[in-house]
Amino acid sequence: MTTLRVETDNILSNPVELVEQVVIDRDWAYDRPADEEIVAEVNSAWCNYRIWFNWQADQGALIFSCAFETKLPKAAIKKIYPLLALVNDKLWLGHFDYVSEDSTVAFRHTMLMRGGCVIATQQLEDLVDIAISECERFFPAFQAVAWGKKTAEEALVSAIFETVGEA
């Protein structure tokens, strides 16, 4: 049996250039600490978020995170892990992590782009929009566990509770 093997010699261009255009179009403050990296500040209803993209050309991966600006107190760290598990079970894209370097919670997702995969502006916009939406949705739950006296289960129920109709 013969196996068809197609090799591509395409050098992936830096998708951070495209990310920069999305950030500029949204009028967000940003910095490019390196050619493969961009960091931007996003204002939202609950807090500011720090979004970060990093292009790993050798792996063909675009790494993305959207972190809460709020740092967790040390006493809350152990209480956050059960909530992370419950919240991640509700997501269809990406996941939330505890970032030990700066004691924050972040939404993360990695896009694999090996083999000449091309990324569209709409994909980046969708990723950013989904991340911010999920951060907005679950931020109150993380706050309730970190600073309130809520269990992970109680905090999650209040975060996913949706009001229908008008009073």
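The dialogue below goes through how to read the main features of this predicted model.

Me: What should I know about the model before I start?
Reply: This is a predicted model, where local features need pLDDT of at least 70, side-chain atom pairs count only at pLDDT 80 or more, and totals for chains, interfaces and linings use all residues. Residues are numbered from 1 along each chain as its sequence is written, and side-chain values use heavy atoms, with hydrogens and water left out.

Me: How many helices and strands does the chain have, and in what order do the elements run?
Reply: Helices (H or I, at least four residues) and strands (E, at least two) are DSSP runs, numbered from the N terminus. Here the chain has 4 helices and 6 strands. Starting at the N terminus, the order is α-β-β-β-β-α-β-β-α-α.

Me: How do strands S1 and S2 pair?
Reply: Two strands pair if DSSP finds at least two bridges between them. S1 (residues 29-34) and S2 (residues 37-43) have 4 bridges and pair in the antiparallel sense. One bridge partner is Glu 41 in S2, which sits opposite Ala 29 in that sense of pairing. The two strands are joined by a hairpin through 2 residues. As a general point, side chains in a regular strand alternate between the two faces of the sheet.

Me: What share of the chain is buried?
Reply: Buried means under 20% relative accessible area, exposed means over 50%, and partly exposed lies in between (1.4 Å probe, protein chains only). Of the 167 residues in the chain, 40% are buried. Accessible areas come from the Shrake-Rupley method with a 1.4 Å probe; for residues, only the protein chains shown count as cover. The accessible surface of the chain is about 10200 Å², and carbon and sulfur atoms hold 51% of that surface.

Me: Which residues touch the most other members of the largest nonpolar core?
Reply: A nonpolar core is a set of buried Ala, Val, Leu, Ile, Met, Phe, Trp, Tyr and Cys residues joined through side-chain atoms within 4.5 Å. The largest one has 50 residues, and Phe 53, Leu 62, Phe 96 and Phe 142 touch the most other members. Helix H3 (residues 121-146) gives the most to this core, with 13 residues.

Me: What does Leu 62 touch?
Reply: Contact means heavy atoms within 4.5 Å. Leaving out residues up to four places away in sequence, Leu 62 touches residues including Pro 15, Val 19, Phe 53, Trp 55, Met 111, Ile 119 and Leu 124. For the chain, among contacts with a separation of 6 or more, 52% are between residues 24 or more positions apart.

Me: Where is Ala 75, and is Ala 75 buried or exposed?
Reply: Ala 75 is in the loop between strand S4 (61-68) and helix H2 (77-88). With a relative accessible area of 70%, Ala 75 is exposed. Its C-alpha atom is 9.3 Å from that of Trp 147, although the two residues are 72 residues apart along the chain.

Me: How many disulfides are there?
Reply: A disulfide is a pair of cysteine sulfur atoms within 2.5 Å. A search of the whole structure finds 0 disulfides. For Cys 66 the closest cysteine sulfur is in Cys 135, and at 3.8 Å it is too far for a bond. Cys 66 is buried at 0% relative accessibility, and Cys 135 is also buried, at 0%.

Me: How many salt bridges are there, and which parts do they tie together?
Reply: A salt bridge is a side-chain nitrogen of Lys or Arg within 4 Å of a carboxyl oxygen of Asp or Glu. The count comes to 6 salt bridges. One of them joins the side chains of Arg 32 and Glu 20 (2.7 Å, N to O). Arg 32 lies in strand S1 and Glu 20 in helix H1 (residues 16-25), so the pair ties together parts that are 12 residues apart in sequence. Glu 20 is buried, at 16% relative accessibility.

Me: Where do Asp 102 and Arg 50 lie?
Reply: Their side chains meet in a salt bridge (2.9 Å, N to O). Asp 102 lies in the loop between strand S5 (95-99) and strand S6 (104-112), and Arg 50 lies in strand S3 (residues 48-56), so the pair ties together parts that are 52 residues apart in sequence. Asp 102 is buried at 18%, whereas Arg 50 is partly exposed at 31%.
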